[in-house]
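Student: Could you walk me through this one? I'm new to it, so please keep it informal.

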Amino acid sequence: MTLLEMSFSGTVFMIAVVMIRAAAINRLPKKTFLVLWEMVLLRLILPFAIPSAFSIYTFMNDRISAPAFLEAEADHVISAVSREYFVMVPGMEQPAANIPSVSVWFVVWCTGMILFAAFFMVSYFRCRMEFRTALPVKNAYTEQWIKERPLKRRISIKQSDRISTPLTYGVFHPVILMPRQTDWENINQLQYIFSHEYVHISRFDTIAKLIAAYALCIHWFNPFVWVMYLLFNRDMELACDESVIRQFGDESKSAYSLMLIHMEATKSGLSPLCNNFSRNAAEERITAIMSTKRTTKIALLSACLIVLVTAGLFATSAAASTEHRTKNTPAVNAPKTNTGDITSDKNAMTIIHESADILHYEDGAPYIHDILTNHTDSTIVETQYCMLAYDENGSPLKLYWNFLDSSSESSFENIVRTKTNLLPNQTGEYRGGWSLYDGEIMEDFPKVGKGEANRAAYSLLCLKQVVFEDGAVWNNPNYENWFMTYAGKEMDIEELQNYYPYEYTIETV
């Protein structure tokens with residue numbers, strides 16, 4: 001998945017979680033929302049899709065929602081990235097279908113990511129430097145409290161005059177840091193604070209905060225990720241509050257809430273990678289504390305169902321059979337038979353050219369958006385195929401594939417290769433890799449043709465050779481017949497429009 005796809009799918013997931021949170025924040029266990037946010041984080045940082053027939057995107061007919069946003073963004077970025085469009089000299093390999101120059105948008109994204117990462121790192125190290133001046137606390141209650149905690153990691157309790165509210169930091173050697181003005185004689189208050197921080201420690205909330213900060217640095221341009229970051233930290237505190245109340249019983253609600261109000265009145269400055277006792281909105285926390293009830297089996301079952309259903313709908317992507325199909329592409333189960341290379345054996349291994357639409361950059365220059373599906377049992381590691389182009393009237397075009405060397409040669413046939421891996425039953429897209437030059441004058445490049453406008457309206461592609469992961473090579477036995485049929489010939493518009501999907505039967509090699 002691309003960064004934009006990850007960010008978009010994460011945004012849809014976040015909106016769903018926010019809606020569930022607004023409706024059930026005081027009805028479900030607070031841990032429910034932590035689990036949902038953790039799944040959102042995984043969706044934001046894992047660069048691969050999880051196809052599912054139950055995904056919300058599978059239910060959308062022909063990718064109505066995500067593609068409209070993603071394709072527009074991708075086309076815009078590709079155009080902004082590269083005025084030097086990709087061309088293929090006959091017999092040469094495609095340059096990995098990647099953009100050769102550095103995009104302005106990529107530079108902006110990297111700059112933002114570095115700045116936000118620097119902010120978190122500076123904040124962390126500034127806090128660490130201040131915390132080094134903290135002094136260990138040794139009294140009868142704190143020593144007894146530590147001994148009663150069976151956690152394998154060594155917990156330390158320290159105090160500092162640099163903070164005004166309790167917080168926790170550290171992973172392998174966690175430290176509960178208390179303000180110097182703490183009333184060490186108030187045992188009731190201490191047990192609430194220590195229990196709250198102990199929940200943070202036992203759940204490794206410091207690591208969760210680091211992961212959330214990492215996702216925020218990557219998706220800093222997405223305002224929904226900022227909302228997620230704030231709500232995730234808030235729900236982390238709510239979950240700890242709930243755990244403390246369940247530990248000490250309903251009679252502790254009033255005392256715990258009063259202590260929270262006192263802490264909120266004196267809360268400290270920004271420490272984004274520490275677990276701060278009173279960092280989040282006090283009003284919501286107090287409301288949640290007073291609404292805390294015993295967890296029933298129905299509430300627990302409801303929480304599990306909500307997590308499973310929400311994750312199934314929004315953490316997954318469209319099933320492979322529909323994910324890459326455009327709304328104008330005919331159904332794959334009705335393959336073309338005009339070249340005689342299709343078999344009636346439904347169990348035969350095939351490769352399908354789903355489409356090869358001609359799209360346009362912002363300046364109107366055309367390029368091919370090629371979609372290929374691998375219905376074999378082996379990964380494709382290299383494809384070689386021929387490309388033909390026609391104008392809107394079906395007349396063949398002589399395209400200038402090698403204009404960069406000022407050559408005047410042109411040809412109907414252009415053989416290109418790509419080494420992008422295509423797994424079994426996977427659909428691959430090659431967007432922007434095949435640019436079309438049919439005689440225009442290109443700014444900043446040598447003159448080609450007579451300067452007439454781009455006329456490419458249709459493109460026909462035919463596989464010539466396929467190389468599989470195990471080294472097997474399939475050569476299309478019908479390629480020569482295909483080339484003689486289409487190259488340089490006037491074509492009927494209806495035939496050009498109905499050419500795809502084009503299916504190849506792969507014989508055992």
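Student: How many helices and strands are there in the protein?

Tutor: Helices (H or I, at least four residues) and strands (E, at least two) are DSSP runs, numbered from the N terminus. The model is a predicted one, where local features need pLDDT of at least 70 and side-chain atom pairs count only at pLDDT 80 or more, while totals for chains, interfaces and linings use all residues. Residues are numbered from 1 along each chain as its sequence is written, and side-chain values use heavy atoms, with hydrogens and water left out. On that basis, the protein has 15 helices and 13 strands.

Student: What share of the 509 residues in the protein is buried?

Tutor: First the cut-offs: buried is under 20% relative accessible area, exposed is over 50%, and partly exposed is in between (1.4 Å probe, protein chains only). Among the 509 residues, the buried share is 50%.

Student: And what share of the contacts with a separation of 6 or more comes from residues 24 or more positions apart?

Tutor: A contact means heavy atoms within 4.5 Å. Of the contacts in the protein with a separation of 6 or more, the part due to residues 24 or more positions apart is 73%.

Student: Which residues touch the most other members of the largest nonpolar core?

Tutor: A nonpolar core is a set of buried Ala, Val, Leu, Ile, Met, Phe, Trp, Tyr and Cys residues joined through side-chain atoms within 4.5 Å. The largest one has 40 residues, and those touching the most other members are Met14, Phe33, Trp37, Val40, Leu44, Met228 and Phe232.

Student: Which helices each supply at least two residues of this core?

Tutor: Look along the chain and you'll find five stretches to mark on your picture. They are α1 (3–24), α2 (31–45), α8 (205–218), α9 (223–248) and α12 (297–314).

Student: What does Phe232 touch, not counting residues up to four places away in sequence?

Tutor: Phe232 is one of the core residues that touch the most other members. Leaving out residues up to four places away in sequence, its partners are Leu34, Trp37, Glu38, Leu41, Ala208 and Ala212.

Student: Why do α2 and α12 count as roughly parallel?

Tutor: Two packed helices are described by the angle between their axes and the distance between the axes. Here axes are lines fitted to C-alpha atoms, for helices over the stretch in contact, and angles run from 0 to 180 degrees between N-to-C directions. Angles under 35 degrees count as roughly parallel, over 145 as roughly antiparallel, 65 to 115 as roughly perpendicular and the rest as oblique. The axes of α2 and α12 are 10 Å apart at about 15 degrees, so the pair is roughly parallel.

Student: How do the residues of the contact of α2 with α12 divide into nonpolar, polar and charged?

Tutor: From α2 come Thr32, Val35, Leu36 and Met39, and from α12 come Ala303, Ile306, Val307, Thr310 and Ala311. Ala, Val, Leu, Ile, Met, Phe, Trp, Tyr, Cys and Pro count as nonpolar, Asp, Glu, Lys and Arg as charged, and the others, Gly among them, as polar. The split is 7 nonpolar, 2 polar and no charged.

Student: Is α5 roughly parallel or antiparallel to α8?

Tutor: The axes of α5 (residues 104–131) and α8 come within 8 Å and cross at roughly 150 degrees. That makes the pair roughly antiparallel.

Student: Is Ile114 buried or exposed?

Tutor: Ile114 lies in helix α5. It is 103 residues from Cys217 in sequence, but their C-alpha atoms are 7.6 Å apart. With a relative accessible area of 55%, Ile114 is exposed.

Student: Is Asn222 buried or exposed?

Tutor: Asn222 sits in the loop between α8 and α9. Beyond residues up to four places away in sequence, Asn222 touches Ser7, Thr11 and Met14. Its relative accessible area is 7%, so Asn222 is buried.

Student: Which residues does a cis peptide bond join?

Tutor: Most residues other than glycine have a negative phi, and most peptide bonds are trans. In this model, one bond has an omega of about 5 degrees, and the cis pair is Tyr500 and Pro501.

Student: What is the phi of Phe204?

Tutor: Phe204 is in the loop between α7 (187–202) and α8. Its relative accessible area of 38% makes Phe204 partly exposed. Though Phe204 is not a glycine, its phi is positive, at about 55 degrees.
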